[in-house]
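Visitor: I am new to this structure and would like a close look at a single part of it. Could you choose one helix, take me through it slowly, and then show me what lies around it?

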Amino acid sequence: MVELRWAQRGLVVIFAVGNPSRGDDAIGPMLHGQLEKWLKNENLSDQFDLIEDFQLQIEHVLDLQGRELALFIDAGAHTPGPFTFRRIAPATGIAHTTHELPPEAVLQVFVQTEFAAPPPAFVLCVRGEQFELGESLSAAAERNLQVAFELLQVLCRNPRLSVWEQAVTG
């Protein structure tokens, strides 16, 4: 029964992280919403699983099982504009709490619990300007979000490691 469940999953998992109530921290959830609609309109939804959350948790390791690619989307306060797109690897020794993990730590937990390499993973970090509770999305973040969405469209039309590696910005 478990095999059937995994067979029905998309080959690519995309995590969109952020808090919609904290200004530009809403970038991840907003990209999640745009991407969900776009994938449906392009008839690509079956290739992707989109997961939106306030922050990454240990439990997200389970969402990496059986995937060919993984993408983590988040906002960054000091990210070079408009965004960075980079490949990541499992990493040990990253400080974290029980409530929050960086993507590299999620990959490391995958290695430790699955005794296997995680799927190739990337981070799309979109520059934000203001992250205060109750703030709305800044104009700069809105522009950065749109440029990042253009990259997401390219990546989702070509969900192959070689294509994603060529798109890396730094």
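**Helix α2 and its surroundings**

Guide: Before we come to the helix, one pair of side chains serves as a starting point: those of Gln 65 and Glu 114 are joined by a polar contact of 2.9 Å. Please keep in mind throughout that this is a predicted model. Gln 65 lies in the loop between β2 and β3, and, because its relative accessibility is 15%, under the 20% limit, Gln 65 counts as buried.

The two strands on either side of that loop bring us to the helix, since β2 (48-53) and β3 (69-76) are among the elements that cover the buried residues of α2, as are β1 (12-17), β5 (121-127) and α4 (139-157). Helix α2 itself runs over residues 27-41, which makes 15 residues, and from its first C-alpha to its last it reaches 21 Å, close to the 21 Å expected at 1.5 Å a residue. The residues of α2 that are buried are Ile 27, Gly 28, Pro 29, Leu 31, His 32, Leu 35, Trp 38 and Leu 39. Just after the helix, Asn 43 takes a positive phi of about 60 degrees.

One of those buried residues, Leu 31, leads into the interior, for the largest nonpolar core has 30 residues, and Leu 31 is listed with Leu 71, Phe 85, Leu 124 and Trp 164 as having the most contacts inside it. At least two residues of this core come from each of β1, α2, β3, β4 (83-88), β5, α4 and α5 (161-166), and the element that gives the most is α4, with eight residues. There is also a second core, separate from this one, with 19 residues that include Val 13, Val 106, Leu 107 and Cys 125.

Cys 125 is buried because its relative accessible area is 15%, under the 20% limit, and Cys 156 is buried as well, at a relative accessible area of 1%. A search of the whole structure for disulfides finds zero.

Finally, Phe 85, already met in the largest core, is touched by Ala 167, which also touches Leu 151 and Leu 155 when residues up to four places away in sequence are not counted. Ala 167 is found in the segment after α5, and although Ala 167 and Arg 87 are 80 residues apart in sequence, their C-alpha atoms are 9.8 Å apart in space.

Definitions and conventions
Residues numbered from 1 in each chain as written. Predicted model: local features only at pLDDT ≥ 70, side-chain atom pairs only at ≥ 80, totals over all residues. Heavy atoms only, no water. Helix = DSSP H or I, 4+ residues; strand = E, 2+ residues; numbered from the N terminus. Expected span 1.5 Å × (residues − 1). Buried < 20%, exposed > 50% of the residue type's maximum accessible area, 1.4 Å probe, protein only. Contact = heavy atoms within 4.5 Å. Polar contact = N/O pair within 3.5 Å; in protein donor to acceptor, adjacent residues only side chain to side chain. Core = buried A, V, L, I, M, F, W, Y, C linked by side-chain atoms within 4.5 Å. Disulfide = S-S within 2.5 Å.
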